[in-house]
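Let's take a walk through this structure together, stopping at a handful of places that repay a closer look. Please keep the model open beside the text as you read.

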Amino acid sequence: MADLNQLVQAILIAADPTQGALHNQALEYLSTIQQNSGNTWRFVLEIFVARAPDGSRQYPPQARFFALRVLEDFLDNRFEPLEDDAFQLLRQSFISYIQSEYLEGPAEANAVFIRNKFSHTLTLLFLATYLDQWQTFFADLFTLIRPPESTSQSTFNTHVSLLFFHLVLEISGEVADQIIKSARQYDAARHARDTRVRDAVRERDAAAINEAVLTIVADGVERMNRLRKEPSSAAERESDTATEVVDWGIRTFASYVGWIDINLTVTPTTVPLLFKLLSDPSLPIRLATCGAITKIVAKGLKEPTDKLQLIKVLSLAQVLDALETKTRAEQVVRGSDVNEGEESYREALGRLLNMLGLELSKLVDECPVEDVKNEATQLLNQTLPVLLRFMADEYDDTCSTIFPFLQTVLGSYKRVRKSTSEPLDETRRSFLTQLLSVVLEKLKWEEDSDPEDMDEDDKAEFEQLRKDLRTFMDAVFVIDQGLVSDALSNLALSTMNAYKSGAPVKWNDAELAVYIVYFFGEINKTGTKGRAAFCQTPAEVAKDKRKETDYSAYPLTRHGEMLYTLVHSGISAYPHKTVVMQFFETTSRYGDFFKVRKDCIVPTLEAMVDARGIHNPESSLRSRVFYLFHRFIKEDRNEISPELAAKLIDSLRDVLVIVVDLPELETPEQDLLTEAIKHPGIFDAQLYLFETVGTLVSLFYKSPEQRNELLSSIVKPMLDELGRDLQAVKGTEDVMPILKVHHNIMALGNIAKGFPDFPSPIPEGYLLPPVEIFTQVAQAILVSLEALNVFRAIRDATRNAFTRILATTGSYITHLIPPLMTNLLAHFEPTELIDFMTFIGLLVHRLQGELFEVLDQLIGPLSAHINGILSQPVTGTDDQVTYVDTKRAYLTLLNNIMASKLHGIFTSARNQPQLETLLASMQQLAEDVSDPSSQRAAFQFFGRCVQVWVPTQPTDVTHNSAIPGFERFVYERLVPAAFSVLASPQFNIKDGQMLVVLHEICNFLQFVSKARGQETFDFFASIFLPAQGWPNDAAVEFATKLRDLDNKSFKKYLADFVRASRS
């Protein structure tokens, strides 16, 4: 093997990417060394431990770090003892290294990363050898920690002590930390080895380890306290070192308390030491101590009495009460001067209280011993006031530490409540009352914050906190409805009435009041919906009587009162945008309220359309109100008079000017038009306004002339603008006018969307929508498409708009569909074809027979094109997705055509010659077991084919669409295809999707049986199944079941049959 210097040189080159080709060669060489660690570890061990003549390390840190990586590879996952010479070499080398580097040297002071890496490597050696070879591991370490009496050093060696702590931490992590274990792949051999090591440490060395840790910590505490009193810089440095030792010592103690005997860790010595350190001036020590006590409390003990005794010994309720009071007082003194370290200490105290509470709750809820239960209940009740104070902490991270404890307490209260009809006892009721008060305070924004100009992550965190707090309120509501309802309504009503009377109200109090009204409907789950949630009607009002019922005569529910006060308090004019936005969110959420108190509609809409909402100078707020206004109008359209609708339309005209935003491109490869469509800015929200205007115009249906005049006044300027923008497009680089055309088409389509859908069938006395105007709109859009059909954005917008116009006008613009299809198909991308077929499917659904001529012309070329796409080789993930989506969209379209009774297009003079090709391609899809979703759709298609094309037996004169001889195709091709699918080794009936395929095959077979009667029975019993090798009895049984069973029973029979045939 090459000499050490060559390897070291390779390591240095590998660390320097500027070395070009040499860099890659070095990396490959080092990879070979690592992969062959079983042969190379001795070689690299020398690099790690070798010393120069002056006593320093001979090789650079990068080389020594790489050596440790190779040694780790050699030692990791080693479950058999090492060869004796290898073990002795490693043991002696590492002990000598610790003596020279930690006992006599600087402990890698210039390369801390090596110190950390070495502790992990030594841990791996420990795990591999402790059971059978290095049983004196800890004893050897202890001799290094405390130097011989002859040396001048009178205390424990700091460097070796810290190494010892790191080793125990690493060992605990490897053998007992469930988080670390769950993060790596489970290995049975490793798990078994780690369990044996853990048990061996417990048996042999746990007491000595614990004594060593606590002795070093106690010594460190004594030195730390003494040195803190000495005012020299040398004493300060030594004090910092002692503090570090105590910190790591307590962390080490915490790492093993969960898996060694509790009698070793909880003693008359340790408890006072820990409680003393819980108030130490050093923050790291306090945090480490909190963690250690938390783990002691969490330790699993078999006997509930032992757990109760442990909690009593610790007396944590009193300790936490005192520390919470002390730290809160310090918090008040600091004021706005935030100390994140001290806040993290309060968080740690919160986590400790949470663990104490959870353990006490377990004793209360699960312990069968009544005395233990009662004593635990007393202790639990002592912690509740402290829980409330942590809950009230202004810092959300601290507050949330006790959420699991609080959830458990409320869960326990709910169980008690369900088990008795007695009223809540005073202790619990008092706690819940205080809890509600704290929760309502925590629901408030901070007064100096600005939610509309806040970091999105911070805002999301607070919104999540609000959700969590509301779950607690939900729980309290289940326990005591009246308590929650009273607290919420009293606070909301008093705040809103105070504002109404002119009293000063802080913005965050006002926002909270409106927010309570917003979520009260979620909390107050009384089972009433619709108008009854807001109005106390004497009995359920019949649906057909709702319009003529005067709800204003009935009293409001509690939520109804809150909403009524909200609207009439004038709080929508509060001079803070967050309050106003919460008002809009709330009023748009409860549309049914405005159906029982119609006098609230006008003030709400006035707020929405003036400078508070739709005309707000801030675009982000304005765009949100566009949507909320749309939602409000959509819900309450029947309560809005034509006069009010006309006023609203006039107030909206200035915001109906289409806004076009051009985004900044991040890379030169990006296409400006594509990016502008993806990121349309406020225009996306503007589309809601156009739809809402359509809704408002539609309210004039009883006055067609006025309606048409209003609609023209909105649409004509847009059509004029569309014409100007169309003329401005000279080439593909004219992005702005192309975008304007796109936006205009989308907006015009959304105006149509605001109108009600065209009914089918048309009821008597139906008043037509403004068909002439929408025909003009559709023609203008078609002209735009003809001019710009090379642009996908225009094709997409046109398809979108036509879908909406057709929904409004029904068959009145079907004459425009052929030129529409021609232009949509003149240029298109494969993925666009899926959207196109979805569009055709919508037209089929809406227009039914009116679309026959169009489909007759379209289906042949479309099927040929799709079959061409599906026959192409699939390369790459994107192609695979497009292939599957195209296939499914095509099958959906074909099934829609059959379901809409337009099957005549397949047998028309134009398409009859292609029918056999179509059926063959569908058969291929039906037989493809790799795509059960498409299989199901293909068999569904064939089932519908059987219903319309198979001649019935006896002949039904009304069945005039039958194709003579089609039953032969079914018997000779489709039935064998169905059975080949069921017999396929890849057909897994345990897969839910494949079971659905089987059900569709059942439907298909029963359609055949129903159409041909006795002939089908004879075919299966005497011809087909015997030819497949079925015994005569089995063939007759199948044919009988097919003929006699209902659909559900036959599906069960066939599924059971297939399962049995596989067993």
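Helices here are DSSP runs of H or I with at least four residues, numbered from the N terminus. With that numbering in hand, Glu108 can be placed in the loop between helix 5 and helix 6. Bear in mind throughout that this is a predicted model.

Let's stay with that loop for a moment. Glu108 has a positive phi of about 55°, although it is not a glycine. Ala107 is found in the loop between helix 5 (84-103) and helix 6 (112-129), and it too is a residue other than glycine with a positive phi, of about 55°. Why do such values catch the eye? Most residues other than glycine have a negative phi. Are these two residues buried or exposed? Ala107 is buried, with a relative accessible area of 1%, and Glu108 is buried as well, at 6%.

Now step back towards the N terminus, to helix 2. Its 15 residues, 21-35, should span 21 Å at 1.5 Å a residue, and the end C-alpha atoms are 22 Å apart, which agrees. Which residues of helix 2 are buried? They are His23, Ala26, Leu30, Ile33 and Gln34. These buried residues cover an arc of only 95° around the axis, which puts them on the same side of helix 2. What do they pack against? Their partners are helix 1 (4-14), helix 3 (37-49) and helix 4 (61-75). Turn the model around and you will find the exposed residues Ala21, Gln25, Glu28 and Gln35 on the face of helix 2 that is turned away from its buried side.

A similar reading can be made of helix 46, residues 1032-1044. This helix has 13 residues and reaches 18 Å from its first C-alpha to its last, close to the 18 Å expected at 1.5 Å a residue. The buried residues of helix 46 are Ala1034, Ala1035, Phe1038, Ala1039 and Leu1042. They cover an arc of only 130° around the axis, so they sit on the same side of helix 46. That buried set packs against helix 43 (966-983), helix 44 (992-1012), helix 45 (1014-1027) and helix 47 (1047-1062). On the face turned away from the buried side, helix 46 carries the exposed residues Asn1032 and Asp1033.

Next, let's turn to charged side chains. How many salt bridges does the structure hold? The count is 66. One of them joins Arg190 to Asp76, with the closest N and O atoms 3.6 Å apart. Arg190 belongs to helix 10 (residues 188-204), while Asp76 lies in the loop between helix 4 and helix 5, so the pair ties together parts that are 114 residues apart in sequence. Arg190 counts as buried at 10% relative accessibility, whereas Asp76 is partly exposed at 31%.

Other salt bridges join residues within a short stretch of sequence, and Lys362 with Glu359 gives an example: the closest N and O atoms of this pair are 3.5 Å apart. Lys362 and Glu359 are 3 residues apart in helix 18 (residues 340-366), which means that about one helical turn separates them. Lys362 is partly exposed, with a relative accessible area of 41%, while Glu359 is buried at 8%. Arg653 and Asp650 also form a salt bridge, their closest N and O atoms being 3.1 Å apart. Here Arg653 counts as partly exposed at 30% relative accessibility, and Asp650 counts as partly exposed at 48%.

Salt bridges can also link up into a network, as they do among Asp321, Glu324, Arg328, Arg346, Arg389 and Asp393. It is worth displaying these side chains together.

Our last stop is a charged residue without such a partner. Where is Asp734 found? It is in the loop between helix 33 (704-728) and helix 34 (735-753). Asp734 is buried yet has no salt bridge, and the nearest side chain of opposite charge, that of Lys730, is 7.3 Å away. A salt bridge requires a side-chain nitrogen of Lys or Arg within 4 Å of a carboxyl oxygen of Asp or Glu, which is why that separation does not qualify. Leaving aside residues up to four places away in sequence, Asp734 touches Ala728 and Val729.

Terms used. Residues are numbered from 1 along each chain as its sequence is written. This is a predicted model: local features need pLDDT of at least 70, side-chain atom pairs count only at pLDDT 80 or more; totals for chains, interfaces and linings use all residues. Side-chain values use heavy atoms; hydrogens and water are left out. Helices (H or I, at least four residues) and strands (E, at least two) are DSSP runs, numbered from the N terminus. The expected span of a helix is 1.5 Å times one less than its number of residues. Buried means under 20% relative accessible area, exposed over 50%, partly exposed in between (1.4 Å probe, protein chains only). The arc is that of the directions from the helix axis to the C-beta atoms. Contact means heavy atoms within 4.5 Å. Lys and Arg count as positive and Asp and Glu as negative; His and the chain ends are not counted.
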